[in-house]
Amino acid sequence: MPVTRSPRGGRPTIEGPGFLARADLQFLFDLLREDGRRLIGPTVADGAIIYDDISSVDELPRGWGDEQSPGRYRLRRRGDEQLFGYVVGPTAWKKWTFPALIPLTRSSHDGHKVSFEPEQTPPPKLAFLGVRACEIAALAVQDRVLIGSEFIDPDYMVRRANVMVVAVQCTTSASTCFCTSMGTGPEVTQGYDLLLTELDAGFLVDAGTPAGRLLLDRLPLRAASSAEQYGVAATVAAVRARIGDPIPADGLHDRLLAQLDHPRWAQVAERCITCGNCTLACPTCFCTTLSQTTDMSGLTALASRSWDSCFSPGFAKVAGGSFRARPRDRYRQWLTHKFATWWDQFGTSGCVGCGRCITWCPVGIDVRDELNAIAPPVPLSPESRLVEPVAATPNDFVTARVVNTKAETADTTTLTLTGVDPAFSHGSTGQFAMVALPGFPPLPISISRFLPDGIELTIRGAGPATKAMCALQLGDQVGLRGPLGNNWPLDRAVGRDLVIVTGGIGLAPLRPVLHAIVADRRRFGDVKLFYGARTPADLLYRDELDRWAKRDGIEVSLTVDRAGPDWAGRVGIVTHLFDQAAWDGTNMIAFVCGPERMMQATSTTLAGRGVSASRIHVTLERHMECGIGLCGHCQMGKYFVCRDGPVFSIAQLGDTFGREGI
Amino acid sequence: MQDHGSLVAVLNSTWFASGLEPGIQTRLAELSRTFTAEAGQELFREGDESEVFGVVIKGRVALRTLVPERGDFTILTVEPGDVYGWSAVVPPYRSTSTAVAIETLEAITFEGPALRAALREDAALAQALYPRILVAVARRLTATRVQLMDLFAAEEVRSW
């Protein structure tokens, strides 16, 4: 039974949300003003819905909505009486919690003495009316930045403490919204004192804090019906569905930081006019600059703090010049800070998905497009997912049966195994298996092909165990544990040029990479394979090399260390295949496998071609007995090669790579 | 016979001669001629007096050495941009390997005695060219060392 209450006096308390008629919203205004608060809320000005001082419900944008798209904002009539039927406009609440200009310090000279007095502005008591979920998240982000660690911004702290937040659920969205991707909305779930959800005839009202509850108890509410409550949930769910998930955020931090050399930075900088509008409209941007104003005598001065923008030409300037002289540097700084390095500094994203930077960009740059172009989401594909190994512990093995053997070279054989646990066929490029025969030590062998019902292992008979494996016949069984280790970061190669440099048996762990590329060739840019072997007779997978070159659009270059007169190909070292080449490695990722000396020389040569250390990946060979980081043999610096590798970037390995005796 | 201008352009397309001063390039062009060879044609023989220094423009030259009872081995191939016949400018001017075109070859060549005379007489030419020759020979030397390591052998070759 709904309980109707008058605006004053003792009343029964309503559990859960109450219903406030639209005509009664002025009561809330009056209560907040009685409480000594200035009311800041939405109002129509200059063709937009901005936030400003308001005192009456009549100043709210009744019946107004908006249309937003990159570089475009227009008001439009909704054709109803909604007061909050719009999406966020150009104003951010930081205008009051973190004003664009505040006096900071007054300083003066008195003879030889100098003095500095902090300038303190008494903070106004404010009520923010109409705060959206993304904006609550933005306040929380600035809380974290400005008062969330050892050093705090005292001005922000007092201003923030004096704000009461009256939030509003979003019942509509703009084409520029992406709170869903940033995990900040559209549902308001926290960070409010009072929460309003607008319905046809009024509002659902709920309290989030004791202060909000006190206010709620003084409003003329009736209990909300379950139909009203259900309707609200359905409306907000519809908003969520409409926004979708424009920026798949999983892994965005790493994906973005891996793309510091992407050509798109230069392309977007062709459009960006570095005006800084995005940073001014952004509700979380917090960079500031100091300016000094002196009197005519120069004896007293006032230091003021104002918003600054990392797009300003002078933002990163020192006496010798600017560290970010080019627009592309400044755009990259802004985007990587918002979406990546902010996490490292503050444990949160710097973006809340409000879309202001998109709407208010005068040239219509859409961060969602830029992120998706620079650091595209990678669909989960078999090659980027690691499965749980079977027989993980060293006392356990599953068996597999040899169904084919192929002599690749005089000393190297490829075994096709079937009857294998399905985990193996779902293994990932670069992974290995511990392979055992009774009486021999189990050995780590790279998986050289993944088949629907089995795997292939390419084994060089170098010692007693490997020679015994190479001698296996059809129908013989082997013991297996795995698949173990990590994989080649093929997901990072999507949309890039890929260079594969390998020598000798090193082609075996890279063969599944080539299979994966061939299976989905269009996802990758230019693919170059440079392969060196001891002699022409030592080249592995000759038929496949031919097919990759002739059919699959892979540029295959071969070289051998020595050859007879019947070899018309190249003779020389593998790095000479590309050390004088004309190509540019700045959009390239490299996978390298071979003897360690060869990998060192290769990474040095690749670095000289513009491939950065974080984009050069090698697979290391170390003595391994357990394959799971327990036996200790394969330790290399801070890594266990079997468990943390075998694939590492040169940047990860740092100066342990190639260092003698590690 | 090509004119000097087009020879300069061709030389400029090779890493060996690109970026040399225009005067030096013209001087080189005056000393050079274009040369073609069919696949299989021998360019010089190990131990013979070196008569030609060449820059490969197109094709491939195999440098071979004869190992008694094992036959001819290709120890290196010279690819476009790189040089062959460096012994034509380094005493005792004897070829250190046998060179065979294994693909149809286009090259720019210099007569050994004329090039040596020019390098003796023209200090600017010598100053410009010797560092390039040194880079070419050093690159070959380091490659040879890596090949000597026999990195892809089944067993690592132990130092002795």
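**Exercise 1. Contacts and burial in chain A**

Among contacts in chain A between residues at least 6 apart in sequence, what percentage join residues at least 24 apart?

*Solution.* The model is predicted.
- Step 1. Take the contacts in chain A between residues at least 6 apart in sequence; 71% of them join residues at least 24 apart.
- Step 2. Add the inventory. Chain A holds 21 helices and 31 strands.
- Step 3. Add burial. Chain A has 662 residues, and 45% of them count as buried.

**Exercise 2. A tyrosine in a helix**

Decide whether A:Tyr331 is buried or exposed, and list its contacts.

*Solution.*
- Step 1. Locate the residue. A:Tyr331 sits in helix H11 of chain A, residues 327-346.
- Step 2. Count neighbours. A:Tyr331 has 24 other C-beta atoms within 10 Å. The cut-off for a buried residue is 20 or more. A:Tyr331 is therefore buried.
- Step 3. Set aside the neighbours within four places in sequence. A:Tyr331 is then in contact with A:Trp265, A:Val268, A:Ala269 and A:Cys272.
- Step 4. Check one distance. A:Ile273 is 58 residues from A:Tyr331 in sequence, and their C-alpha atoms are 9.9 Å apart.

**Exercise 3. The barrel of chain A**

Give the strand order of the barrel in chain A and the sense of its pairing.

*Solution.*
- Step 1. Read round the barrel. Six strands close it in the order S17-S18-S21-S20-S19-S22 of chain A. The pairing is antiparallel.
- Step 2. Add the twist. From one strand to the next it averages 45°.
- Step 3. Zoom in on one pair. Strand S17 of chain A (residues 398-407) and strand S18 of chain A (residues 412-418) are joined by six bridges, in the antiparallel sense.
- Step 4. Find a facing pair. A:Asn404 is opposite A:Thr416 of S18(A).
- Step 5. Look at S22. Strand S22 of chain A covers residues 477-484 and contains A:Pro483. The peptide bond from A:Gly482 to A:Pro483 is cis, with omega near -5°.

**Exercise 4. Backbone details in the loops of chain A**

Find a cis peptide bond at A:Pro646, then compare the surroundings of A:Asp46 and A:Tyr541.

*Solution.*
- Step 1. Start with the proline. A:Gly645 and A:Pro646 are joined by a cis peptide bond, omega about 10°. A:Pro646 lies in the loop between helix H20 (641-644) and strand S31 (647-649) of chain A.
- Step 2. Turn to A:Asp46. Its phi is positive, about 55°, although it is not a glycine. A:Asp46 lies in the loop between strands S2 (38-45) and S3 (48-53) of chain A.
- Step 3. Turn to A:Tyr541. Its phi is also positive, near 50°, and it is not a glycine either. A:Tyr541 lies in the loop between strand S24 (527-533) and helix H18 (542-550) of chain A.
- Step 4. Compare burial. A:Asp46 has 7 other C-beta atoms within 10 Å, so it is exposed. A:Tyr541 has 20 C-beta neighbours inside 10 Å, so it counts as buried.

**Exercise 5. The open sheet of chain B**

Why is one side of strand S2 and of S5 in chain B left without a neighbour in the sheet?

*Solution.*
- Step 1. Write the order. The open sheet has four strands, S2-S7-S4-S5 of chain B, with antiparallel pairing.
- Step 2. Find the edges. Strand S2 (42-44) and S5 of chain B stand there, each with a single partner strand, so one side of each has no neighbour in the sheet.
- Step 3. Add the angle. Neighbouring strands of the sheet are turned by 35° against each other on average, direction ignored.
- Step 4. Inspect a pair. Strand S4 (residues 61-67) and strand S7 (residues 98-101) of chain B pair in the antiparallel sense over four bridges. B:Val61 is opposite B:Ala101 of S7(B).

**Exercise 6. Helix H4 of chain B**

Trace helix H4 of chain B and say where a kink lies.

*Solution.*
- Step 1. Take its span. H4 of chain B (residues 123-149) has 27 residues and reaches 39 Å from first to last C-alpha, close to the 39 Å expected.
- Step 2. Place the kink. A bend of about 25° lies at B:Leu129 in H4(B), shortly before the proline B:Pro131.
- Step 3. List the buried residues. In H4(B) they are B:Leu125, B:Ala128, B:Leu129, B:Arg140, B:Ala143 and B:Gln147.
- Step 4. Find the cover. It includes helix H2 (22-31), strand S5 (71-78) and helix H3 (112-121) of chain B.
- Step 5. Go just past the end. B:Asp150 has a positive phi of about 55°.

**Exercise 7. Where the chains meet**

How many residues of chain A are in contact with chain B?

*Solution.*
- Step 1. Count both sides. 24 residues of chain A are in contact with 24 residues of chain B.
- Step 2. Name contributors from chain A. Strand S26 (570-571) and helix H19 (596-608) each supply at least two residues of the side that touches chain B.
- Step 3. Sort by class. That side of chain A has ten nonpolar, six polar and eight charged residues.

Technical notes
Residues are numbered from 1 along each chain as its sequence is written. Chains are lettered from A and ligands numbered from 1 in the order in which they are written. This is a predicted model: local features need pLDDT of at least 70, side-chain atom pairs count only at pLDDT 80 or more; totals for chains, interfaces and linings use all residues. Two residues are in contact if their C-beta atoms, placed from the backbone, lie within 7 Å. Ala, Val, Leu, Ile, Met, Phe, Trp, Tyr, Cys and Pro count as nonpolar, Asp, Glu, Lys and Arg as charged, and the others, Gly among them, as polar. Two strands pair if DSSP finds at least two bridges between them. Axes are lines fitted to C-alpha atoms, for helices over the stretch in contact, and angles run from 0 to 180 degrees between N-to-C directions. The expected span of a helix is 1.5 Å times one less than its number of residues. The bend at a residue is the angle between axes fitted to the seven residues ending there and the seven starting there. A residue is buried if 20 or more other C-beta atoms lie within 10 Å of its own, exposed if 12 or fewer, and partly exposed in between; C-beta atoms are placed from the backbone.
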